[in-house]
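Grab a viewer and work through these exercises at your own pace. Each one has a task, then a solution in steps.

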Amino acid sequence: METARAVERRFACNDDALAPGESMTIPAEDAGGVAIAVFRNEDGELFATADTCTHEEWSLGEDSDLEGNEVVCPLHMARFDITSGEALCFPATVALKTFEVVVEDGRVHVLA
Ligand code: FES
């Protein structure tokens, strides 16, 4: 039986390092085993999801387009809602896992 892993704060970046419309990736080795994408929307809000597109292997934090609260995977144009992880169109049918983001003392962390 698999035991639950404790949720920890995973450092993403300094708060001023991510401009509106940008994203970045916390590598798996720094995020508890699964890479996490962090997005800042045009309103300045931060959201975090699993980094890998659920259709095939593609890093959404490294290379994607953010349109409002929707991230578009450039490989086959799947779209996800970064606030909920919901897959919004084919070919993706599985949601991205989402994570809570905490900003404190100018540093962005993800709880994962
Ligand atoms: S890998 Fe993202 S849509 Fe295919």
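**Exercise 1: a charged pair**

The side chains of Glu 104 and Arg 9 make a polar contact at 3.4 Å. Keep in mind that this is a predicted model.

Task: Place Glu 104 in its strand, and work out whether Glu 104 is buried, partly exposed or exposed.

Solution:
- Start with the element: Glu 104 sits in strand S8, which covers residues 98-104.
- Next, take the relative accessible area, which is 40% for Glu 104. Buried would need under 20% and exposed over 50%, so Glu 104 comes out as partly exposed.
- Finally, look along the chain: Asp 15 is 89 residues apart from Glu 104, yet their C-alpha atoms are separated by 8.7 Å.

**Exercise 2: a threonine with polar partners**

Task: Find out which side chain makes a polar contact with the side chain of Thr 25, and decide whether Thr 25 is buried or exposed.

Solution:
- Locate Thr 25 in strand S2, residues 23-26.
- Check its relative accessible area: the value is 15%. The cut-off for buried is under 20%, so Thr 25 counts as buried.
- Now hunt for polar atoms. The side chain of Asp 51 makes a polar contact with the side chain of Thr 25 at 2.8 Å. A polar atom of the Thr 25 side chain also lies 3.4 Å from the backbone nitrogen of Glu 62.
- Round off the surroundings: leaving out residues up to four places away in sequence, Thr 25 touches several residues, among them Ala 35, Ile 36, Ser 59 and Gly 61.

**Exercise 3: a small sheet**

Task: Work out the strand order of the sheet that contains S6, and say why S5 and S7 have one side without a neighbour.

Solution:
- Read off the order: three strands, S5-S6-S7, make an open sheet with antiparallel pairing.
- Look at the edges. Strand S5 (65-67) and strand S7 (79-81) each have a single partner strand, so one side of each has no neighbour in the sheet.
- Add the geometry: ignoring direction, neighbouring strands here are turned by 25° against each other on average.
- Zoom in on one pair. S5 and strand S6 (residues 70-72) pair in the antiparallel sense over three bridges, and Glu 67 has Glu 70 in S6 as its bridge partner.

**Exercise 4: the nonpolar cores**

Task: Name the residues that touch the most other members of the largest nonpolar core.

Solution:
- The largest core has 15 residues, and Phe 39, Leu 60, Val 71, Phe 80 and Ile 82 touch the most other members.
- Strands S3 (36-40) and S4 (46-50) are the elements giving two or more residues to this core.
- A second, separate core holds 14 residues, including Leu 18, Ala 31, Ile 36 and Ala 112.

Methods: Residues numbered from 1 in each chain as written. Predicted model: local features only at pLDDT ≥ 70, side-chain atom pairs only at ≥ 80, totals over all residues. Heavy atoms only, no water. Helix = DSSP H or I, 4+ residues; strand = E, 2+ residues; numbered from the N terminus. Buried < 20%, exposed > 50% of the residue type's maximum accessible area, 1.4 Å probe, protein only. Polar contact = N/O pair within 3.5 Å; in protein donor to acceptor, adjacent residues only side chain to side chain. Contact = heavy atoms within 4.5 Å. Core = buried A, V, L, I, M, F, W, Y, C linked by side-chain atoms within 4.5 Å. Pairing = 2+ DSSP bridges. Axes fitted to C-alpha atoms, helices over the stretch in contact; angles between N-to-C directions.
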